[in-house]
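Please look over the model below. The questions that follow ask on what grounds each label is given.

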Amino acid sequence: MKVLSKDARRLYRQAGAIVDEESCMVRIGREIVRESIDSAPRSILLKGGDAKRDVKLELGMLAIQTGAGAPHATDLDRGRRPGSLEDFAELIKLTQSFDIFHMLNPLVEAQDVPTHERHYRVNRVQLSLSDKAPFVYSRGTAQVEDCFEMFRIARGLDAEDFKRAPRCFTIINTNSPRQLDVSMTQGLVDFARCGQLSIVTPFCLMGAMAPLTVAGALVLSHAEAMAAIALNQIAKPGAPVCYGAFISNVDMKSGAPAFGTPEQVKANLGSGQLARKLGLPWRCSTGAAGAVNDAQAANETQMGAWGAILAGATVLVHGAGWIEGGLTLSYEKLITDLEVMQMFAELCAETPADDAALAMDALAEIAPGGHFFGAKHTMSRYRTAFYEPVVADWSNFGSWTEKGCLDANARANAIWKRKLDEFEAPFLDGDRLAQLDEFISCRIQQGGAPPV
């Protein structure tokens with residue numbers, strides 16, 4: 001691996017890796033990798049602001065996230081625009097409003113806030129509007145330390161309490177092929193030493209940053225993940241870390257990312273096999289390259305998600321709202337996608353097959369040629385037996401047209417507006433919020449913290 005951080009190269013060298021300072025190349029032996037995999041935890045409890053928001057991350061569990069990191073936002077009313085702090089706050093409210101989203105995500109970039117103070121504004125939004133586990137960008141030690149202090153203030157924790165359990169997470173992307181930059185290596189070390197969660201995710205687009213074949217991309221992605229996890233565990237053995245993979249292909253005519261392709265599904269299935277071989281919780285992704293919230297974008301998101309779900313992903317990222325290959329987060333697509341994510345969750349839930357579920361009493365009650373609409377078995381179960389739709393309208397054509405012929409986009413538009421109107425923020429102690437605002441004001445007056 002080419003490792004651009006001098007401090008990271010020093011840690012690798014101390015662990016026994018071969019380091020060439022002139023070229024920044026680091027050769028990591030299999031013994032180092034094995035030790036890092038052995039020391040990484042198999043189960044991680046990511047703590048929310050309320051115990052009901054805690055998320056257990058281990059093989060066999062599933063946590064779903066929204067789309068993340070988009071520079072633009074769009075909705076039917078305001079159109080496509082550069083992401084703003086207002087957009088970010090609205091989307092955090094929507095994420096908080098639906099239990100299918102288990103963790104927060106950097107949905108859009110708040111581009112109207114200068115980068116040296118953006119982390120203050122964004123994290124205040126996360127901490128004041130949601131009690132789900134928040135996300136932190138790894139943009140240099142100074143910004144990360146600011147964010148950690150904000151979380152300690154808002155959650156009422158001292159430094160040692162904060163370190164005892166992961167309460168936030170970051171995504172660590174390698175620069176494929178085979179490079180780790182300064183901010184990412186700092187993130188791996190900073191989060192490890194403070195006991196916070198790093199989700200290691202090489203971003204390998206076949207034909208661009210990775211070989212064109214699925215097998216070749218898996219080789220590269222796996223090697224990069226091992227290198228990053230090794231650094232995390234060298235910094236602090238036992239630190240919470242997730243194996244991750246984000247592999248798809250590009251359109252070779254344009255170079256644009258493609259999602260929901262057969263290649264992405266195959267890569268997701270392969271990544272799941274590698275994660276199970278390691279035994280670590282793992283992050284996978286779906287996504288959409290479609291430019292608007294239409295059937296193409298929906299199919300792409302669902303196809304990518306099938307590969308991740310069938311492969312047993314622990315964390316599914318970009319599950320709702322992503323379009324344009326991640327350039328834009330759509331309010332309406334967030335709503336229509338969450339309906340599909342709820343279907344996946346119901347699909348993964350346990351289905352009882354006890355005597356009551358076998359419905360012998362109902363079969364005895366209803367005569368041949370009858371129906372089960374009013375059966376005791378039906379009436380005692382129907383409110384919880386089936387997935388409850390958010391956007392879908394399952395009425396017949398006649399009654400549907402009587403309602404005004406609203407399509408899924410129009411219904412989704414009404415739903416997100418209603419959710420914002422009805423939103424109530426979770427309780428945050430007023431004294432803590434005041435402390436948080438005082439900290440932010442003081443740090444901004446001092447000049448903030450520029451990203452690395």
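Q: Where does Val390 lie?
A: In this predicted model, Val390 sits in the loop between helix 15 (382–385) and helix 16 (397–402).

Q: Why is Val390 called partly exposed?
A: Its relative accessibility is 25%. Partly exposed covers what is neither under 20% nor over 50%, so Val390 counts as partly exposed.

Q: Which residues is Val390 in contact with, leaving aside its neighbours within four places in sequence?
A: Val390 is in contact with Ile335, Leu338, Glu339, Gln342 and Ile415. For Glu339, the C-alpha atoms are 6.0 Å apart in space, while the two residues are 51 apart in sequence.

Q: Where is Ala110 found, and why is Ala110 called buried?
A: Ala110 is in the loop between helix 3 (85–97) and helix 4 (115–129). Its relative accessible area is 1%; buried means under 20%, so Ala110 is buried.

Q: Which residues does Ala110 touch, not counting those up to four places away in sequence?
A: Ala110 touches Gly83, Ser84, Leu85, Arg118 and Val122. Ser285 is 175 residues from Ala110 in sequence, and their C-alpha atoms are 23 Å apart in space.

Q: What is said of the peptide bond that joins Ser176 and Pro177?
A: The bond is cis, with omega at about 0 degrees. Pro177 belongs to the loop between strand 9 (169–172) and strand 10 (179–180).

Q: What makes the phi of Arg178 worth a remark?
A: Phi of Arg178 is near 60 degrees, a positive value in a residue other than glycine. Arg178 is in the loop between strand 9 and strand 10.

Q: Is Arg178 buried, exposed or partly exposed, and on what value?
A: The relative accessible area of Arg178 is 47%. Exposed would need over 50% and buried under 20%, so Arg178 is partly exposed.

Q: Which phi does Glu324 have, and where does Glu324 lie?
A: Phi of Glu324 is near 55 degrees, again positive in a residue other than glycine. Glu324 lies in the loop between strand 18 (322–323) and strand 19 (328–330).

Q: Why does Glu324 count as partly exposed?
A: Glu324 has 21% relative accessibility. Buried means under 20%, so with that value Glu324 counts as partly exposed.

Q: How does the reach of helix 9 (residues 262–278) compare with what is expected?
A: Helix 9 has 17 residues and reaches 25 Å from first C-alpha to last, close to the expected 24 Å at 1.5 Å a residue. Just after helix 9, Gly279 has a positive phi of about 85 degrees.

Q: Which residues of helix 9 are buried?
A: They are Gln264, Val265, Ala267, Asn268, Gly270, Ser271, Gly272, Ala275 and Leu278.

Q: How many helices and strands does the protein chain have?
A: The protein chain has 18 helices and 19 strands.

Q: Why is the protein chain called as compact as a globular protein of that length?
A: Its radius of gyration is 23 Å, and the globule rule gives 22 Å for 452 residues. The two values are close, so the protein chain is as compact as a globular protein of that length. Its C-alpha trace spans about 80 × 50 × 50 Å along the principal axes.

Q: What share of the protein chain is buried?
A: Buried residues are 52% of the 452 residues.

Q: What part of the contacts with a separation of 6 or more comes from residues 24 or more positions apart?
A: Such residues account for 73% of those contacts in the protein chain.

Notes: Residues numbered from 1 in each chain as written. Predicted model: local features only at pLDDT ≥ 70, side-chain atom pairs only at ≥ 80, totals over all residues. Heavy atoms only, no water. Helix = DSSP H or I, 4+ residues; strand = E, 2+ residues; numbered from the N terminus. Rg over C-alpha atoms; globule rule 2.2 N^0.38 Å. Buried < 20%, exposed > 50% of the residue type's maximum accessible area, 1.4 Å probe, protein only. Contact = heavy atoms within 4.5 Å. Expected span 1.5 Å × (residues − 1).
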